[in-house]
Amino acid sequence: MLSAAGDPQVPPAAELSAGDAIILGVVEGITEFLPVSSTGHLIIASHALGLESDAPLLAADGRPLWASEPSAKNPAGEPLTLKLAADAYTVIIQAGAIAAVMLLYWRQLLSMLAGLLGRDAAGLRLLRNIILAVFPAASLGLAMHKLKLDERLFSIEAVVIALVLGALLMLAAERWRRGRLPEAHATASAARRDLSELTVRQSLGIGLMQCLALWPGTSRSMVTMVGGYFCGLSPARAAEFSFLVGLPTLGGAALLKGVSTGPAMIAVFGWPHVILGIVAAGVSAALAVRFLVSYLGRHGLGVFAIYRVILALVLVGWFLV
């Protein structure tokens with residue numbers, strides 16, 4: 001666990017323990033790609049590990065640590081707190097989850113690279129589809145970040161609402177998928193469909209669906225999978241598209257957070273346990289991705305909808321009652 005003493009004479013910033021680093025890495029890696037909301041799980045994990053203090057942190061020599069240093073626009077700056085450092089940590093260790101998907105789907109990545117070189121038409125179409133699916137949410141997310149609307153939206157209540165509404169959306173999408181065509185024909189047809197066959201309109205539609213994930217607790221992977229359903233993809237194919245779309249989305253978030261808060265976060269937690277968290281996130285993400293593709297091919301999204309409702313009840317009981 002971390003300690004943050006209130007006495008300025010005692011350095012409050014200390015390394016994250018190995019156990020805490022592994023727990024956060026595993027929670028991040030598993031929940032990032034499952035349609036269950038990584039936000040909700042990280043809220044519980046951070047609370048259980050005691051990483052929610054808003055007290056300003058100091059370096060070992062007594063200097064203040066900053067999330068945002070004082071500037072002409074913001075003379076007071078934003079002091080780094082344990083909570084902000086932990087939030088930055090969980091974003092930066094997404095690098096492990098990104099690496100896991102890149103290793104598992106290297107063929108698709110090589111295909112897209114070949115497409116850029118004019119050697120693979122299907123790979124170029126897949127790259128186009130991913131860009132179209134990323135663009136709407138990325139543009140809206142950057143605008144919200146500049147206006148700090150993402151911070152204003154965040155609350156336990158908002159996460160609980162998103163978990164329940166997301167569960168209802170998943171159940172509706174699953175029912176729609178199963179009822180639209182005879183099961184055997186629908187499953188076989190959708191399973192054969194290649195992700196490069198998505199149209200511009202369909203890819204952009206999935207991208208617009210991802211804008212819903214800017215509401216905390218919604219789950220980026222969930223809305224991408226549901227959007228894939230509505231475009232005629234099988235559950236497994238929809239999940240695979242979600243993984244690939246997540247690469248630039250998660251990579252951009254990790255890069256921005258690393259540039260803005262990374263050095264101060266490392267001063268709090270230390271390099272060894274940041275690397276440990278990345279490794280834990282990578283291993284757990286690889287296992288979660290393999291499990292999800294296999295499970296969805298047989299059962300669909302229904303059980304994850306039920307799980308989201310259970311998670312919402314846990315959050316209500318833990319934080320709101």
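This passage walks through one helix, a surface patch, the salt bridges and the cysteines of the structure shown above. The model is a predicted one, and every value below was computed from it.

A good place to begin is helix 3, which spans residues 82-92. This helix is mostly covered, with 8 of its 11 residues buried. The buried residues are Leu82, Ala85, Ala86, Ala88, Tyr89, Thr90, Val91 and Ile92. Their packing partners can be followed on the structure one by one: helix 1 (18-33), helix 2 (38-48), helix 4 (94-104), helix 12 (235-260), helix 13 (262-269) and helix 14 (271-299). Helix 3 also carries a salt bridge, in which the side chains of Lys83 and Asp87 come together at 3.2 Å, N to O. These two residues are 4 residues apart in helix 3, so about one helical turn separates them. Lys83 has a relative accessible area of 28% and therefore counts as partly exposed. Asp87 is likewise partly exposed, because its relative accessible area is 31%.

The surface offers another kind of feature. A nonpolar patch is formed there by Trp106, Leu110, Leu113, Leu116, Leu117 and Leu124, which together have about 610 Å² of accessible area. Helix 5, made of residues 106-116, gives the most to this patch, with 4 residues. Leu116 is a helpful residue to look up: it lies in helix 5, and it counts as exposed because its relative accessibility is 58%, where exposed begins at values over 50%.

Salt bridges come next, and the count for the model is 4. The pair in helix 3 has already been met, and helix 8 (residues 156-180) is the place to look for Arg177. The side chains of Arg177 and Glu174 meet in a salt bridge at 2.5 Å, N to O. The side chains of Arg177 and Glu174 are also listed as making a polar contact, again at 2.5 Å. Both residues lie in helix 8, 3 residues apart, which is about one turn of the helix. Are Arg177 and Glu174 buried or exposed? Both of them are buried. For Arg177 the relative accessibility is 14%, and the residue counts as buried because this value is under 20%. The pair does not stand alone, as Glu174, Arg177 and Arg178 are linked in a network of salt bridges.

A further salt bridge is found in helix 12, where Glu240 and Arg237 lie 3 residues apart, about one turn of the helix. The closest N and O atoms of Glu240 and Arg237 are 3.2 Å apart. The two partners fall into separate accessibility classes: Glu240 is buried, with a relative accessible area of 13%, whereas Arg237, at 23%, counts as partly exposed.

The cysteines complete the picture. A disulfide is a covalent bond between the sulfur atoms of two cysteines. How many disulfides does the model contain? The count comes to 0. Cys211 shows why: the closest cysteine sulfur to its own is that of Cys231, 14 Å away, which is too far for a bond. Seen from the other side, Cys231 is in no disulfide, and its nearest cysteine sulfur is that of Cys211. Cys231 itself counts as buried, because its relative accessibility is 12%.

Technical notes. Residues are numbered from 1 along each chain as its sequence is written. This is a predicted model: local features need pLDDT of at least 70, side-chain atom pairs count only at pLDDT 80 or more; totals for chains, interfaces and linings use all residues. Side-chain values use heavy atoms; hydrogens and water are left out. Buried means under 20% relative accessible area, exposed over 50%, partly exposed in between (1.4 Å probe, protein chains only). Contact means heavy atoms within 4.5 Å. Patches are made of residues with over 30% relative accessible area and no salt bridge: like charges are joined within 9 Å, nonpolar side chains (Val, Leu, Ile, Met, Phe, Trp, Tyr) within 5 Å. Accessible areas come from the Shrake-Rupley method with a 1.4 Å probe; for residues, only the protein chains shown count as cover. A polar contact is a pair of N or O atoms within 3.5 Å; within protein, one must be able to donate a hydrogen and the other to accept it, and residues adjacent in sequence count only if both atoms are side-chain atoms. A disulfide is a pair of cysteine sulfur atoms within 2.5 Å.
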